[in-house]
Amino acid sequence: TGSDDSTCRGIYYVSDPQAVTFPELGTMIAKCLGRARVRNVRLPAPLGYAAATIGELAQRVLGQRVYFNRDKAREAYGGSWMCDPSRAQSELDVTPGADLAVRLADTLAAYREAGWMPTE
C-alpha cells in the first residue's frame with residue numbers, strides 16, 4: 001500500500017463516536033419507527049435468559065421468528081460494548097458519513113424497501 005512499517009499497524013476500531021446505552025438506542029429506533037414512547041424493562045440476567053429461552057422455544061413450536069433469543073440476551077448482558085474510534089479517525093481518516101440517528105432512519109427505509117419491515 002506504500003506505507004512503511006511504522007504506520008497503520010495494530011487494532012483500529014471503526015465505530016460511531018457517539019456512545020449510546022441500550023435504552024437510548026431503543027428510544028432512537030422507536031423514534032425512527034414513529035413510536036412516541038418506548039418502554040425499557042430491566043430484567044435480572046437469569047430472568048432475561050429465561051425469557052430468551054422461552055422465545056426460542058416458541059419460535060420452534062410456532063414456526064415464527066422471535067426477536068429476543070439467547071444470542072440477544074448474551075449481547076444485552078455482555079457489559080460494555082464501547083470502543084474508541086479516534087485512532088481510525090486520525091490515522092485512516094475514517095468517520096461515519098452521518099450521525100447514528102440518521103443512519104438508523106436510512107437503515108429502516110432500506111429494510112422497508114426490501115420488504116423486511118412493514119411500511120407502517
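Me: Before we start, what do buried, exposed and partly exposed stand for here?
Reply: Buried is under 20% relative accessible area, exposed is over 50%, and partly exposed lies in between (1.4 Å probe, protein chains only). This is a predicted model, where local features need pLDDT of at least 70, side-chain atom pairs count only at pLDDT 80 or more, and totals for chains, interfaces and linings use all residues. Residues are numbered from 1 along each chain as its sequence is written, and side-chain values use heavy atoms, with hydrogens and water left out.

Me: OK, why is Cys-32 called partly exposed?
Reply: Its relative accessibility is 23%, and the in-between class takes whatever is neither under 20% nor over 50%, so Cys-32 counts as partly exposed.

Me: And what makes Cys-83 partly exposed?
Reply: Cys-83 has a relative accessible area of 32%, so it gets that label too.

Me: How many disulfides does the structure hold?
Reply: Zero; a disulfide would be a pair of cysteine sulfur atoms within 2.5 Å.

Me: Why are H1 and H5 called oblique to each other?
Reply: Helix H1 (residues 22–32) and helix H5 (residues 100–114) pack at about 50°, axes 9 Å apart. Under 35 degrees is roughly parallel, over 145 roughly antiparallel, 65 to 115 roughly perpendicular, and the rest oblique, so H1 and H5 are oblique.

Me: Which residues of H1 meet H5?
Reply: Leu-25, Met-28, Ile-29 and Cys-32 in H1 meet H5 residues including Leu-104 and Leu-108, where contact means heavy atoms within 4.5 Å.

How values were computed
Axes fitted to C-alpha atoms, helices over the stretch in contact; angles between N-to-C directions. Helix = DSSP H or I, 4+ residues; strand = E, 2+ residues; numbered from the N terminus.
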